[in-house]
Amino acid sequence: MMSDPAVVVSITPDLALDLGYTYAGGLGVLEGDKFYGASRLGINYYVITLLYRNGYVEYEFDDKDNPIPKPQPQPREFLNSLRLVDTFNVELRGCGVEVNAWDYNVGTAHAVFLEPRGPEWALKLVDRIYIEDTIEEKFLKYVFLARGAVEFIRRNIGLENVRYIDLQEAYAAMVPIILKIPGRYRLIIHTPGPWGHPSFPNELFRRETGYQFIENPVVLTSVGAAMAYEVFMVSAKHFDIMRKVIPQFMDKARFVTNGVNIERWMDPEIRLHYERGSLTPDVLKSIRGRLRKELLSLIKSRKDVNVNDDTLIIAWARRMTLYKRPYFISRLIEEGDYRDVLFVLGGKAHPMDKDGLNYMRKFRELHRKFNNVVYIHDYDVEKAKIILKGSDVLAFTPFPGWEASGTSFMKAAINGVPSIASRDGAAVELIVDGVNGWLFGEDVRELIDMNNDPRSKEIDEREYEEFKARFAQVYDLFNSDREKFHLIGLSAILSFASRVDIRRVLREYYPDLVRG
């Protein structure tokens, strides 16, 4: 493999390529966008992750609309695209575990997938992404990722050739414990929420690494941030919120607002006109007519719906979990004021997320009950491309303070689809209310416990009423002044495209490697 003194290594539990099921949500898609972006920029880039033979999760529904989870086997096309580049041993649970390292290569970028060859308990560790039976299994999964990544770097890249080692989320923070070279790491924190800051009993660390931490349990974010020379947040607001969460590490913290890969997410015809400076309202209107037809083709493969050119299509499509507030869109549907609007719902939950599963059930019920509701429960990268391009407006509704950045509204915007967004994540940086989208709610800059803090219900009620009022405004604009509506979509493209381009993100992470 290539040796170069300017190699970037990114270690992540989650990676979404354009084929395969090695991701669960936004982190994986972002890391996939960086991978493809690095390739286009000619960066010598290695992203290291795990090969999950049974992917993440698929669902089918029983006759009572209960979602039934099942494995998501990797497609043969994906597995055939991988090239075995190394086999080596790491130690886990006091045993030698043989590891296959598989490479997926695009230009100067390499996606390296680590897979144990045995024994059976080791195979089970990485069978599926973010799905484990015990806390020890979860712990060993990320020790395996760290040990495998470190050994791969030593054998195939050479530590002397590595300029950056980036740890994506706390799950990768085992790496400094294994590599034991100070000052070589940067930690990127992708969420303020507790699910992104796992903790483990210190006894597991003692048994597996020999370290006897004072803390019990040991929080991986704290370990990673302490051993990193830089800590990144992924939006300006996220940075502000994390001041109150990890104040002891803010002296070495900064933020790089997330972005998206334009080539991957922007319609090629829109991109061509944008780059030529020929994207006029009439040109955009024509292109959006085609994108709408592509979306309707997907919708009609799931359900026979009656729509025409005057039907407003609104999408809510995210990972299904409580803080994304799927109940905002379900409540709007059930109140029944907009029977002439087509609601496109998308998303699936982690199989242990009870709230998420309940909203999958609710969305399925709405799909069956209302002729103007379609639920795409098997939402993935390819369907996201169709939905985020073909809708008229996107609902982006996270509870304030809980969304680190969000990128779905960026992907929609660069295709002329404005969002009705809560004031959270990167939306507060990018959306100008009434100009390139619409904002509602409060700009809360603290983590409010959604389950136990009485303020959460008060905020929800106020913000739902604002969301509903904003939607009524958008509905009226769409029906009374279509030209102005399309101008807001055009403004979204023109104001978002350069600011959310993944090339800008990579330039800010690697200023000495990306110029211009």
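Helix α12, which spans residues 326-334, is mostly covered, with seven of its nine residues buried, where buried means under 20% relative accessible area, exposed means over 50% and partly exposed lies in between, all found with a 1.4 Å probe on protein chains only. The buried residues of this helix are P326, Y327, F328, I329, S330, L332 and I333, and α12 is followed by G336, whose phi is positive, near 75°. Helices (H or I, at least four residues) and strands (E, at least two) are DSSP runs that are numbered from the N terminus. The model is predicted, so that local features need pLDDT of at least 70 and side-chain atom pairs count only at pLDDT 80 or more, while totals for chains, interfaces and linings use all residues. Residues are numbered from 1 along each chain as its sequence is written, and side-chain values use heavy atoms, with hydrogens and water left out.

I329 of helix α12 leads on to the nonpolar interior. A nonpolar core is a set of buried Ala, Val, Leu, Ile, Met, Phe, Trp, Tyr and Cys residues joined through side-chain atoms within 4.5 Å. The largest such core has 114 residues, and those with the most contacts inside it are I11, L114, M174 and I329. Its largest share, 12 residues, comes from helix α4, residues 135-157. A second, separate core of 49 residues includes V260, A317, V381 and A492. To see the surroundings of one core residue, take L114, which touches I48, T49, L50, L51, F88, V99, N100, A101, F144, L145, G148 and A149, not counting residues up to four places away in sequence; contact here means heavy atoms within 4.5 Å.

Strand β9, residues 185-188, can be followed residue by residue, for Y185 and L187 point one way and R186 and I188 the other way, and all are buried. Two strands pair if DSSP finds at least two bridges between them. Strand β8, residues 162-168, is joined to β9 by four bridges, and the two run parallel; within this pairing, Q168 has I188 of β9 as its bridge partner. Three bridges join β9 to strand β12, residues 230-233, and these strands also run parallel, with E230 of β12 as the bridge partner of R186.

Several loops deserve a slower look. Q72 lies in the loop between β4 (67-70) and α2 (76-80), and Q72 counts as buried because its relative accessibility is 5%. The residues that Q72 touches, not counting those up to four places away in sequence, are Y21, R53, N54, G55, Y56, V57, E58 and K348. Two other loops hold prolines that follow cis peptide bonds: one such bond joins G118 and P119, with omega about 0°, and P119 has its place in the loop between β7 (109-118) and α3 (120-125). The other joins N216 and P217, with omega about 5°, and P217 is found in the loop between α6 (202-209) and β11 (218-219).

Positive phi values also occur in residues that are not glycine. R93, in the loop between β5 (83-92) and β6 (95-106), has a positive phi of about 60°, and R93 is partly exposed because its relative accessible area is 43%. Y130, in the loop between α3 and α4, has a phi near 60°, but Y130 is buried because its relative accessible area is 18%.

The last topic is empty space, which is searched on a 1 Å grid over the protein atoms alone: a cavity is a set of points where a 1.4 Å probe fits but cannot get out, a pocket is an open set with protein on both sides within 12 Å along at least five of seven lines, and lining residues have an atom within 4 Å of a point. Grid points are joined across faces, edges and corners, and a volume is the space filled by probe spheres set on the points. The second largest pocket has a volume of about 300 Å³ and is lined by 14 residues, of which K285, R288, G289, R292 and D309 lie nearest its centre. Helix α11 (281-300) and helix α18 (482-500) are the elements that give two or more residues to this lining, and the largest share, seven residues, comes from α11. The structure holds one cavity of 30 Å³ or more, and the largest cavity is lined by R288, D392, G416, F485, H486 and G489, with the largest share, three residues, coming from α18.
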